Amino acid sequence: VYGIEKPQGYSVSFHYNPLVEYHHFGSSHPMKPWRLTLTKQLILAYGLEYAMELHEPRSASFEELAIFHDREYLDFLKHITPQNMDPEKEEYLNFGFGGESNDCPVFDGLWDYVSLYSGASLHAANSLLNGQSDIAINWSGGLHHAKKNAASGFCYVNDIVLAIQHLLTQNQRVLYIDIDVHHGDGVEQAFESTDRVMTLSYHKYGMDRNNYPFFPGTGNINEMGPTDPSNRGKGHSLNIPLDDGIDDDQYTWIFKTVTGAVVAKYNPNAIVLQCGADSLGGDRLGKFNLNIKAHGFCVEFIKSFNRPLLLIGGGGYTPRNVARTWCHETAVCVDAQLHNHLPTHLPYLQAFQGEENGGGVLYPDLHNTKRHENANTRQKLDNIVKQALENLRYLDG
Ligand code: TV1
Ligand code: CA
Ligand code: ZN
């Protein structure tokens, strides 16, 4: 008896509601939802929409968000506006708003914004569950710092946790991988007491010149979740702390080595990959020196495991490079190669021109655009890998 062969290639679905891009955190705030407009335009200009299924998902409901978040927190989020907010009120600070940095401002349409990006992640997870796609993409999600009862680091609702919870309804084990330059603390914390989710984050870790820790200040190699042997979640968090200026070869090597070992050992039924683009060279907040193709290598590598895959966005503070990276990674998913020269009929073409290294191209040289001295030595990285592989032994029970 011959089985019916699945056609070559993957079915890829793209989940995006354009209403997200009209929200503003404030003019000086580094998080710019319009980077999603740029991303979508680039994807359309290269014709990638013909290689995948496009979905315009509805907003997530209050009840859907309440599967992870506290209702009191959601009530606050739903009703707070720039007009009625009171920075003096205790709940304002308790829920992660205000503070010196004002990382999480209250802006018009905040509730719509959070329910739109969360709706897209839930919809993407759902299309993996019902077998409609092998790879589902939501570039508007990936807000990995949000806690169940507090906003943190530009993140108000944790769409990743919600999507993973949804995947867990039909998958025994989900692996979460995070290549944003920041530590994926919110996702790690949410699943610290279960062995059904393993979290793996690569990030900058350490102090800056003024002795301030790089946000959020957690994620050292020895932080691997609870170590109490009675806790089911023991050893199910793996953190890879990296230093300023890491280059393409170092990053792809450590990513391959550690991620390969984790997949082999944990054998997940589904994978969620957060593709924060602030790990690129020249990012306004990041400290790494990665090029677009090295970042995209992580997607290629994960795709090669042939497990249901949810790709989500995250950070990324130099909008033109965010758009380039996520367009490239969309192409990786559908097995397309893109011309380096940008399509001439691209709206917003201007946004991609007039750069020192690489105006008008998809793959500019981003290495050293901000010249972060590479503080990662061969020896330090070898030690991190050695320690990471040792940490994996906790999974043996
Ligand atoms: C308003 C206006 C807010 C300008 C915030 C950079 C701003 C930052 C701003 C900023 C900024 C952070 C901290 C310090 C915690 C504070 C999406 C002890 C020019 C996923 C979140 C980084 C990263 C938060 C989010 C960080 C993500 N850096 N200008 N704020 N306090 N906050 O360091 O992981 O990418 O910078
Ligand atoms: Ca990370
Ligand atoms: Zn980040």
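**Close-up of Asp335 in the loop between α10 and α11 (378–391).** Phi of Asp335 is near 60°, a positive value in a residue other than glycine. Tyr348 also lies in the loop between α10 and α11, and its phi, near 65°, is positive as well. Most residues other than glycine have a negative phi. Tyr348 counts as partly exposed because its relative accessibility is 46%; buried means under 20% relative accessible area, exposed over 50%, and partly exposed in between (1.4 Å probe, protein chains only). Helices (H or I, at least four residues) and strands (E, at least two) are DSSP runs, numbered from the N terminus. The model is predicted: local features need pLDDT of at least 70, side-chain atom pairs count only at pLDDT 80 or more, and totals for chains, interfaces and linings use all residues. Residues are numbered from 1 along each chain as its sequence is written, chains are lettered from A and ligands numbered from 1 in the order in which they are written, and side-chain values use heavy atoms, with hydrogens and water left out.

**Close-up of the contact between helix α1 (residues 35–45) and α10.** The two axes come within 8 Å and cross at roughly 40°; axes are lines fitted to C-alpha atoms, for helices over the stretch in contact, and angles run from 0 to 180 degrees between N-to-C directions. α1 is therefore oblique to α10, given that angles under 35 degrees count as roughly parallel, over 145 as roughly antiparallel, 65 to 115 as roughly perpendicular and the rest as oblique. The crossing of α1 and α10 is right-handed, a term for a near helix turned clockwise from the far one by less than a right angle (left-handed if anticlockwise). On the α1 side, Arg35, Leu36, Leu38, Thr39, Leu42 and Ile43 take part, and they meet Pro319, Arg320, Val322, Ala323, Arg324, Trp326, Cys327 and Thr330 of α10. Contact means heavy atoms within 4.5 Å. By class, these residues are nine nonpolar, two polar and three charged; Ala, Val, Leu, Ile, Met, Phe, Trp, Tyr, Cys and Pro count as nonpolar, Asp, Glu, Lys and Arg as charged, and the others, Gly among them, as polar.

**Close-up of the contact between α9 and helix α10 (residues 319–333).** Here the axes come within 9 Å and cross at roughly 30°, so α9 and α10 are roughly parallel to each other. The crossing is right-handed. The contact joins Ile292, Lys293, His295, Gly296, Val299, Glu300 and Lys303 of α9 to Arg324, Thr325, His328, Glu329, Val332 and Cys333 of α10. Four nonpolar, four polar and five charged residues make up this contact.

**Close-up of the contact between helix α8 (residues 248–266) and helix α9 (residues 292–303).** The axes approach within 9 Å, crossing at roughly 20°; α8 and α9 are therefore roughly parallel to each other. Their crossing is right-handed. From α8, Asp248, Tyr251, Thr252, Phe255, Lys256, Thr259 and Gly260 meet Ala294, Phe297, Cys298, Phe301 and Ile302 of α9. Seven of the contact residues are nonpolar, three polar and two charged.

**Close-up of Thr259 in helix α8.** Thr259 is buried because its relative accessible area is 0%. Apart from neighbours within four places in sequence, Thr259 is in contact with Ile177, Leu200, Tyr202, Ile254, Phe301 and Ile302. The C-alpha atoms of Thr259 and Ile302 lie 8.4 Å apart, although 43 residues separate the two along the chain.

**Close-up of the zinc ion (ligand 3) and its protein donors.** Asp180 (OD), His182 (ND1) and Asp278 (OD) lie 1.9 to 2.0 Å from the zinc ion. Donors are N, O and S atoms within 2.8 Å of the metal (3.2 Å for Na, K and Ca); water is not among the atoms, so sites may look incomplete. The sequence spacing of the donor residues is D-x1-H-x95-D. Asp180 counts as buried because its relative accessibility is 1%, and His182 counts as buried at 8%.

**Close-up of helix α6 (residues 159–167).** This helix is mostly covered, with seven of its nine residues buried. The buried residues are Asp159, Ile160, Val161, Leu162, Ala163, Ile164 and Leu167.

**Close-up of the cis peptide bond from Phe215 to Pro216.** Omega of this bond is near -5°. Pro216 is in the loop between β5 (197–204) and β6 (237–242).
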